[in-house]
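Open the structure in your viewer and keep the selection tool at hand. This tour goes from one selection to the next and says what to look for at each stop.

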Amino acid sequence: MADKESAGQELSIEEAFEKLEGIIGALEDGEISLEDSFSYYEAGMRLVKQCGEKIDRVEKKILVLEDSESEG
């Protein structure tokens with residue numbers, strides 16, 4: 001099965017959180033090399049940024065909807 005992230009498709013928030021849980025588990029396990037730890041950390045930070053951007057977009061949509069309801 002192809003990985004959405006490597007195929008250029010954006011992950012859902014749920015998929016991103018699932019990947020983050022895997023990364024956190026691997027980092028906490030302590031069984032990976034220091035070099036791999038940096039790679040995992042970098043991938044995790046990219047996922048955190050993606051999640052933050054998605055949450056910001058949803059939050060803005062909610063604010064727009066609330067604003068339009070209060071005007072109407």
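Select lysine 54 to begin. In this predicted model, lysine 54 has a relative accessibility of 11%, so it counts as buried, the cut-off for that label being under 20%. Lysine 54 sits in helix α2, which covers residues 34-71.

Now show what surrounds the side chain. Leaving aside residues up to four places away in sequence, lysine 54 touches Glu10, Leu11, Ser12 and Ile13. Two of the partners deserve a distance label. First, label leucine 11: its backbone oxygen is reached by the side chain of lysine 54 at 2.6 Å. Next, label glutamate 10: its side chain and that of lysine 54 form a salt bridge, with 2.7 Å from N to O. This pair ties together distant parts of the chain, since lysine 54 belongs to helix α2 while glutamate 10 lies in the segment before α1 (13-29), and 44 residues separate them.

Keep glutamate 10 on screen and add arginine 57. What do the side chains of arginine 57 and glutamate 10 form? They meet in a salt bridge, at 3.1 Å from N to O. Here too, distant parts of the chain are linked: arginine 57 is in helix α2, glutamate 10 is in the segment before α1, and the two are 47 residues apart. Is arginine 57 buried or partly exposed? Its relative accessibility is 41%, so arginine 57 counts as partly exposed. With Glu10, Lys54 and Arg57 selected together, you are looking at a network of salt bridges.

Stay on helix α2 for the next stop, and select arginine 46 with glutamate 42. The side chains of these residues meet in a salt bridge at 3.9 Å, N to O; the cut-off for a salt bridge is within 4 Å. Arginine 46 and glutamate 42 are four residues apart in helix α2, which means that about one helical turn separates them. Color the pair by accessibility if your viewer can do so. Arginine 46, at 43% relative accessibility, counts as partly exposed, and glutamate 42, at 48%, counts as partly exposed as well. The count of salt bridges comes to three.

Switch to a surface view and select Leu27, Tyr40, Tyr41, Met45 and Val48. Together these residues make a nonpolar surface patch of about 450 Å². Which element gives the largest share of the nonpolar patch? It is α2, with four residues. Click on tyrosine 40, which lies in helix α2. At 31% relative accessibility, tyrosine 40 counts as partly exposed, and the patch takes in residues with over 30% relative accessible area.

Finally, zoom out and show the whole chain as a cartoon. You should find two helices and zero strands. Of the 72 residues in the chain, 15% count as buried, and lysine 54, where you started, counts as buried too. Turn the surface back on: the accessible surface of the chain comes to about 5,900 Å², and carbon and sulfur atoms account for 55% of it. If you draw contacts between residues at least 6 apart in sequence, 52% of them join residues at least 24 apart. To finish, go back to glutamate 10, where the salt bridges to lysine 54 and arginine 57 can be viewed side by side.

Terms used. Residues are numbered from 1 along each chain as its sequence is written. This is a predicted model: local features need pLDDT of at least 70, side-chain atom pairs count only at pLDDT 80 or more; totals for chains, interfaces and linings use all residues. Side-chain values use heavy atoms; hydrogens and water are left out. Buried means under 20% relative accessible area, exposed over 50%, partly exposed in between (1.4 Å probe, protein chains only). A polar contact is a pair of N or O atoms within 3.5 Å; within protein, one must be able to donate a hydrogen and the other to accept it, and residues adjacent in sequence count only if both atoms are side-chain atoms. Contact means heavy atoms within 4.5 Å. Accessible areas come from the Shrake-Rupley method with a 1.4 Å probe; for residues, only the protein chains shown count as cover. Patches are made of residues with over 30% relative accessible area and no salt bridge: like charges are joined within 9 Å, nonpolar side chains (Val, Leu, Ile, Met, Phe, Trp, Tyr) within 5 Å.
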